[in-house]
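Student: I would like to take a close look at one part of this protein, the open sheet and what lies around it. Could you guide me through it slowly, beginning with the overall picture?

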Amino acid sequence: MLPRTGIGIDTHAFAAETDDAGSRVPLWLAGLLWEGERGLSGHSDGDAVAHAAADALFSAAGVGDLGSHFGTDRPEWKGASGVSLLAEAARIVRAAGFDIGNIAVQFVGNRPKFSPRRLEAEAALSQAAGAPVSVSATTFDGLGFTGRGEGITAVATALVVQTGQPAVVPATGAADGHATGAADGHATGPADGHATAQGDNLEP
Ligand SMILES: [Zn+2]
């Protein structure tokens, strides 16, 4: 059986300094808490690196995407951490009969300064996925929204190999998360970095 590759991309805008309740929004990125850094907006923790990694796994296995697995039909995942979403994505992909080879993620953003914590981030994400996750970082030389410091984009690839038959049928189908609705984190609120896309399928 030949391996299969997948791709995932995720973007979040930096949040206001404080949320509606006046609390400082923490930055969660690549499975780590970044003290003193401005947080990302979204109904989840905004961890674009973890979200892109999870989406790449689904893509590689051909079992849907973040919206279909963590959308309206699974409201219990609303607000979940990026690493917990990645761990659940890995569980779903394995249950569908795949072994995970590796995941590679690159994020684009001016901040945070990533290299000092790269190994720590890779360890956290690898533990969540149960497979090697590598993370690299770059900037867009001042261009575009990442260059202006308005947000972060992450793109990921994953490699999987089918080694068995699905143990369970993946939870896709009619309510595949594109159906919008308030429980889909993308459909609500201008502060959700996804609201301007299709309003749908990027992530919870
Ligand atoms: Zn996301």
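Student: Before we turn to the sheet, how many helices and how many strands are there in the protein chain?

Tutor: Please keep in mind throughout that this is a predicted model. The protein chain holds five helices and six strands, and if you follow the elements from the N terminus on, they run β-β-β-α-α-α-β-α-β-α-β. Of the 204 residues of the chain, 45% count as buried. Among the contacts between residues at least 6 apart in sequence, 77% join residues that are at least 24 apart.

Now to the sheet itself. Four strands make up an open sheet with mixed pairing, and their order is β1-β6-β4-β5. Strands β1 and β5, the latter covering residues 133–138, stand at the edges with a single partner strand each, so one side of each is left without a neighbour in the sheet. On average, and with direction ignored, neighbouring strands of this sheet are turned by 15° against each other.

Let us go across the sheet pair by pair, starting from the edge formed by β1. Strand β1, residues 4–13, is joined to strand β6, residues 151–162, by ten bridges, and these two strands run antiparallel. Within this pair, A13 stands opposite G151 in β6. On the next step across, β6 pairs with β4, again in the antiparallel sense and over ten bridges, and here you can find A104 with T157 of β6 as its bridge partner. The last step leads from β4, which spans residues 98–108, to β5, where six bridges join two strands that run parallel. In this pair you can look for V105, which stands opposite V135 in β5. Helix α4, residues 118–129, packs on the sheet and touches both β4 and β5, while its direction makes about 140° with that of β5.

With the sheet in place, we can return to β1 and look at a site taken from a record. In an unreviewed entry, UniProt lists D10, H12 and H51 under "binding site". These residues span 42 residues in sequence, yet no two of their C-alpha atoms are more than 10.2 Å apart, so they gather at one spot. D10 is found in strand β1, and D10 counts as buried because it has 30 C-beta neighbours inside 10 Å, where 20 or more are needed. H51, by contrast, lies in a helix, namely α1, which covers residues 48–61. H51 also has 30 C-beta neighbours inside 10 Å and therefore counts as buried.

Since H51 belongs to α1, the surroundings of that helix deserve a look as well. Helix α1 packs with helix α3, residues 82–95, at an angle of about 10°, and their axes are 8 Å apart. With such an angle, which is under 35 degrees, α1 and α3 are therefore roughly parallel to each other. On the side of α1 the contact is made by A50, H51, A53, A54, L57, F58 and A61, and on the side of α3 by G82, V83, L85, L86, A89, A90 and V93. The residues of this contact divide into twelve nonpolar, two polar and no charged. If you find H51 once more in the structure, you will see a residue that is listed by UniProt for the "binding site" and that also takes part in the contact of α1 with α3.

Terms used:
Residues are numbered from 1 along each chain as its sequence is written. This is a predicted model: local features need pLDDT of at least 70, side-chain atom pairs count only at pLDDT 80 or more; totals for chains, interfaces and linings use all residues. A residue is buried if 20 or more other C-beta atoms lie within 10 Å of its own, exposed if 12 or fewer, and partly exposed in between; C-beta atoms are placed from the backbone. Two residues are in contact if their C-beta atoms, placed from the backbone, lie within 7 Å. UniProt positions are given in the numbering used here, feature names are shortened, and annotations may be inferred rather than shown by experiment. Two strands pair if DSSP finds at least two bridges between them. Axes are lines fitted to C-alpha atoms, for helices over the stretch in contact, and angles run from 0 to 180 degrees between N-to-C directions. Angles under 35 degrees count as roughly parallel, over 145 as roughly antiparallel, 65 to 115 as roughly perpendicular and the rest as oblique. Ala, Val, Leu, Ile, Met, Phe, Trp, Tyr, Cys and Pro count as nonpolar, Asp, Glu, Lys and Arg as charged, and the others, Gly among them, as polar.
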